[in-house]
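Please examine the sequence and the three-dimensional model shown below. The paragraphs after it are intended to be read with the structure open.

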Amino acid sequence: MALRRLAGHVSMARQLYALREACAGLGAWSASTQLEEPETATNSHDARPQIRAAMEPFPDPSTPLYDRSLRADGRFLYRVHVATGNVRGAGTGCSVMVKLIGTRGESEEFHIGVKRGFDRDSLETVVLSVSKDLGQLKMVLVKRDEGGVSDTGAGWFLEKMLVYGPKGENWSFPCMQWFGDSDDGDVSGPLERHLVPSTFADHEDKIMEPQPVRITASGMAIPHPDKVVNGIKGINRNQRGRGGEDSYFYTFGQNGIFGMGVADGVFGMRAFGIDSGVFSSTLMDRAFHMVKRGYDDVVAVLKTVSRYVETEGVYGSSTCCLLTVNMNQGRLNSANLGDSGFMVIGSRVYRPEVHVTFRTPQQEHEFGCPYALGHHKHAASPNDAMLESLQLYPGDTIVMGSDGLFDNVFVSEVVKQVKTFREEGKGPQALVHKLTEIAHVSSTDNAIDTPYSRGYTDFFDLAMSGGKPDDITILVAYLS
């Protein structure tokens with residue numbers, strides 16, 4: 001039904017084309033279409049919300065909406081579909097602020113839904129007249145306006161936003177979260193969120209509907225072998241840990257949110273009398289508490305923890321990888337700075353063997369020089385983070401780690417161990433110990449072939465073998 005409804009909006013392109021002159025000096029033009037009542041209504045407030053198709057067809061880019069002549073007075077037109085969910089109390093009478101953020105800059109702030117807000121199970125269409133070409137969209141900042149003295153009845157459940165660019169580009173920004181309080185009071189979300197575009201890791205992700213998942217997780221950090229000799233030990237307890245300059249956390253928060261993260265402090269800062277381990281552990285500690293309280297907006301979490309170390313005067317530098325999973329929908333959102341990262345391993349209907357369905361790329365200035373947050377002027381900022389949003393399914397496994405894992409263990413070996421441990425019914429803690437053992441042994445072997453030795457050989461054009469001794473941090477999460 002949703003497919004037919006969105007397809008009906010394609011015909012609106014010609015109407016919008018006729019209105020292009022009117023859009024010349026207009027900030028946002030709005031049209032609204034109420035979706036038909038679903039054939040099977042939801043009777044329980046805690047039932048799963050009805051969800052539109054995972055990937056709705058985009059209009060034909062050849063339609064007049066995408067004609068370059070639509071850039072009235074040098075402005076660029078972006079069409080935004082706002083899909084409000086079909087759960088009890090999903091609609092709101094409040095207006096919403098929207099800002100598009102791309103690789104070439106940010107749009108103005110647009111206030112939409114000013115006259116009537118957003119109805120439950122509706123699809124609102126707005127055309128935003130932007131002063132510049134934003135390039136590839138990285139995120140959409142969405143902020144629901146205040147509801148007055150009380151937020152009762154003002155809560156808004158946003159399902160997703162679909163954005164069409166002036167040159168035929170298209171992006172899907174899933175949300176499936178509350179802005180403010182749900183009508184039953186069980187869920188309370190922030191009024192402001194950063195939406196990240198979907199990453200369709202597999203073709204199957206485009207056609208399968210979201211599914212709820214359960215998660216069990218574990219983690220471990222161990223210091224560099226030389227640090228162990230000097231009496232430094234790894235600390236792993238209460239879903240957090242630190243080994244040398246590495247730190248991590250994993251936790252379960254309010255509103256069905258799971259989160260995990262890893263930060264790898266820059267050891268070289270010790271030459272200036274700075275312990276980057278304090279910097280990385282502070283990042284992870286603040287992120288831990290935010291996720292614990294139900295924050296699932298990884299961009300907001302990254303910006304908040306970065307601002308915290310700055311205002312508190314914590315010196316140092318560190319990579320940072322954060323992810324959250326909405327367990328009610330199986331949706332993962334992540335922000336990654338540097339050469340720490342994660343991979344998702346699982347199987348799909350069209351490809352039943354266990355394989356890597358997604359992996360974060362290493363973000364480096366050059367070999368061995370990753371992006372990193374820090375107190376110094378050359379440090380990266382949260383705006384440099386690589387953002388992802390992807391769908392997870394029962395049976396998937398998330399493996400996150402610092403470069404101590406990824407420099408010393410090939411992906412094929414990680415996949416092999418995941419497959420073996422899950423088939424044998426061994427838990428994530430056992431897998432963490434095994435992967436840590438493999439990474440440690442490889443890091444101290446000067447003769448074997450490793451990802452690091454291959455990268456070194458390629459970058460310096462000098463033959464090298466062996467692993468890279470380092471702090472090693474590994475986290476594993478099983479989805480069922």
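The account that follows moves from the whole protein to its core, then to a helix, a strand and a loop.

The model is predicted. The protein contains 10 helices and 27 strands, and of its 480 residues 55% are buried. Its exposed surface comes to about 20,500 Å², of which carbon and sulfur atoms supply 50%. When contacts between residues at least 6 apart in sequence are considered, 73% of them join residues at least 24 apart.

The interior may be taken next. In soluble globular proteins, nonpolar side chains tend to be buried together. Here the largest nonpolar core has 30 residues, and those that touch the most other members are F249, L283, M284, L302, L322, L373 and L387. At least two residues of this core come from each of β3 (96–102), β7 (137–144), β16 (257–264), α5 (276–292), α6 (298–311), β18 (320–326) and β19 (331–337). The greatest contribution is that of α5, which gives seven residues. A separate core of 26 residues lies apart from this one, and V126, L128, V130 and L134 are among its members.

F249 offers a closer view of the largest core. Residues up to four places away in sequence being left out, F249 touches Q239, R240, G259, M260, G261, M284, A287, F288, V291, L322 and L475. Of these contacts, M284, A287, F288 and V291 are also buried residues of α5.

The helix α5 has 17 residues, and its first and last C-alpha atoms are 24 Å apart, close to the 24 Å expected at 1.5 Å a residue. At its N-terminal end D275 acts as a cap, with a side-chain oxygen 2.8 Å from the backbone nitrogen of G277. Just after the helix, G294 adopts a positive phi of about 100°. An α-helix has 3.6 residues a turn, so residues three or four places apart point the same way. The buried residues of α5 include F279, T282, L283, A287, M290 and V291.

The strand β3 also supplies residues to the largest core. Which of its residues are buried on each face? In a regular strand the side chains alternate between the two faces of the sheet. In β3, V96, V98, L100 and G102 are buried on one side, and M97, K99 and I101 are buried on the other, which leaves both faces covered. Seven of the seven residues of β3 are thus buried.

The pairing of β3 involves several strands. With β7 it forms seven bridges in the antiparallel sense, and K99 has L141 as its bridge partner there. Three bridges, likewise antiparallel, link β3 to β5 (residues 110–112), where F110 is the partner of V98. β3 and β4 (residues 105–106) run antiparallel and are joined by two bridges, with I101 opposite E106. Two residues separate β3 from β4 in the hairpin that they form.

The last site is P469, in the loop between α10 (451–460) and β27 (472–479). Is P469 buried or partly exposed? P469 is partly exposed, because its relative accessible area is 36%, and the partly exposed class runs from 20% to 50%. Its C-alpha atom is separated by 5.9 Å from that of T444, although the two residues are 25 apart along the chain. Apart from neighbours within four places in sequence, P469 is in contact with H224, P225 and S443.

Notes:
Residues are numbered from 1 along each chain as its sequence is written. This is a predicted model: local features need pLDDT of at least 70, side-chain atom pairs count only at pLDDT 80 or more; totals for chains, interfaces and linings use all residues. Side-chain values use heavy atoms; hydrogens and water are left out. A nonpolar core is a set of buried Ala, Val, Leu, Ile, Met, Phe, Trp, Tyr and Cys residues joined through side-chain atoms within 4.5 Å. Buried means under 20% relative accessible area, exposed over 50%, partly exposed in between (1.4 Å probe, protein chains only). Helices (H or I, at least four residues) and strands (E, at least two) are DSSP runs, numbered from the N terminus. Contact means heavy atoms within 4.5 Å. The expected span of a helix is 1.5 Å times one less than its number of residues. A polar contact is a pair of N or O atoms within 3.5 Å; within protein, one must be able to donate a hydrogen and the other to accept it, and residues adjacent in sequence count only if both atoms are side-chain atoms. Two strands pair if DSSP finds at least two bridges between them. Accessible areas come from the Shrake-Rupley method with a 1.4 Å probe; for residues, only the protein chains shown count as cover.
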